[in-house]
Amino acid sequence: MQVIPAIDLRDGACVQLVGGSYADERVRIPNAPAVADNWARLGFGRIHLVDLDAATGRGSNRDIVKAVLGPRATKWVCREKCLRVQCGGGVRDLDTIAELLAAGASQVVLGTRAIEDRAWLEDAVLLYPNRIIVAADTRGRQVVTRGWSETGTQNIVDFIDELNTLPLAAILVTAVEKEGRMEGPDLTLMQELVPQSSVPLQASGGVHGVDDLRALADLGVSATVVGMALYTGAMNPETIIEEFPE
């Protein structure tokens, strides 16, 4: 299993929120490109980059996104590998997908429109097979959209079923109510979803320690996105990389 540090962008800074709430921001680091540099220098092979402002319609951090993507696709060639960046947040048209991939993203993460517009998602996947990750954010088993601000009626289990026929790079399942709390991931949810999905599943939300990562790996999760536990020092990056190498 791969462990992926999260870089969430808000007002130009790298932040960490609790429970997806903009009112509960616990971490703020002004220089997001430097954060990406640090994760690469420590030995992580991939980061998860999300523009929260674009996802919620509050603005855009596109310049910072491109600053993270551009030089790092070639700069960090350590131990014969490049830093890969899966990038998303407010991506709702094909031109933006093309722009992010051209800027250096390894995969593009699609959320709201991919959930609400199946025909558009199929067009995107047809153009970019195995380069698209669908963000299946969930609260109480219901899929949420628009930066976690709207809870729909679609059940996460049914949604995963619908994605099985598409050549996706991965499906990222975020347990929103667990996000940033470091109280443990939703293992019950992932235990239910992993056998059901023909697409690699990534997990996010609630990770506090290495035992959580081991439990997710044992369930067959392909990758886990980790934020708060890394930024607060609850988890040691060197320990993670040693146990979960690329």
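**Note on the predicted model: salt bridges, strand E8 and local points**

1. Salt bridges overall. The whole structure holds 12 salt bridges. The model is a predicted one, and three of its charged pairs are taken up in the points below. As background, side chains of opposite charge can pair when their charged atoms come close.

2. Arginine 10 and aspartate 11. These two residues form a salt bridge through their side chains, with an N to O distance of 4.0 Å. Arginine 10 is buried, at a relative accessible area of 15%, whereas aspartate 11 is exposed, at 55%. Aspartate 11 sits in the loop that links strand E1 (2-10) to strand E2 (13-18).

3. Backbone of aspartate 11. Phi of aspartate 11 is positive, about 50°, although the residue is not a glycine. Most residues other than glycine have a negative phi. A colleague checking the backbone may want to find this residue in the E1 to E2 loop.

4. Glutamate 25 and arginine 28. A second salt bridge brings together the side chains of arginine 28 and glutamate 25, at 2.7 Å from N to O. Both ends are partly exposed: arginine 28 has a relative accessible area of 40%, and glutamate 25 has 26%.

5. Aspartate 186 and arginine 141. How far apart in sequence are the parts that this pair ties together? The salt bridge itself spans 3.2 Å, N to O, between the side chains of aspartate 186 and arginine 141. Aspartate 186 belongs to the loop between strand E12 (170-175) and helix H8 (187-193), and arginine 141 to the loop between E9 and strand E10 (142-145), so the pair links parts of the protein 45 residues apart in sequence. Aspartate 186 is buried, with 13% relative accessible area, while arginine 141 is partly exposed, with 25%.

6. A shared network. Salt bridges with partners in common connect Arg10, Asp11, Glu25 and Arg28 into one network. The pairs in points 2 and 4 thus belong to one network.

7. Methionine 182. The loop between E12 and H8 also contains methionine 182. Its phi is near 55°, a positive value in a residue other than glycine. Methionine 182 is partly exposed, at 24% relative accessibility.

8. Strand E8 and its pairing. Which strands pair with E8? Strand E7 (residues 84-88) runs parallel to E8 and is joined to it by 3 bridges. Strand E9 (residues 132-139) also pairs with E8 in the parallel sense, again over 3 bridges. Valine 108 of E8 appears in both pairings: it is the bridge partner of cysteine 87, and it stands opposite isoleucine 132 in E9.

9. Faces of E8. Are the side chains of E8 buried or exposed? In a regular strand the side chains alternate between the two faces of the sheet. In E8 (residues 107-110), Gln107 and Val109 lie on one side, Val108 and Leu110 lie on the other, and all four are buried, leaving both faces of the strand covered.

10. The crossover and serine 106. E7, helix H4 (residues 94-103) and E8 form a β-α-β unit, and this unit is right-handed. Serine 106 lies in the loop between H4 and E8. Serine 106 is buried, with a relative accessible area of 14%. Setting aside neighbours within four places in sequence, serine 106 contacts Arg46, Arg84, Val85, Gln86, Leu101 and Arg131.

11. Overall build. The protein contains 11 helices and 14 strands. Its radius of gyration is 16 Å, close to the 18 Å expected from the globule rule for 246 residues, so the protein is as compact as a globular protein of that length. Along the principal axes, the C-alpha atoms fill a box of roughly 40 × 40 × 40 Å. Buried residues make up 54% of the 246. Of the contacts between residues at least 6 apart in sequence, 66% join residues at least 24 apart.

12. Confidence. The average pLDDT of the protein is 91, and 93% of the residues score at least 70. Residues 76-80 have a pLDDT below 50, and this stretch makes 9 contacts in the model beyond near neighbours in sequence. Where pLDDT is low, the predicted coordinates should not be read in detail.

Note on methods. Residues numbered from 1 in each chain as written. Predicted model: local features only at pLDDT ≥ 70, side-chain atom pairs only at ≥ 80, totals over all residues. Heavy atoms only, no water. pLDDT = per-residue confidence, 0-100. Contact = heavy atoms within 4.5 Å. Buried < 20%, exposed > 50% of the residue type's maximum accessible area, 1.4 Å probe, protein only. Helix = DSSP H or I, 4+ residues; strand = E, 2+ residues; numbered from the N terminus. Pairing = 2+ DSSP bridges. Right-handed = clockwise from strand over helix to strand, strands pointing away. Rg over C-alpha atoms; globule rule 2.2 N^0.38 Å.
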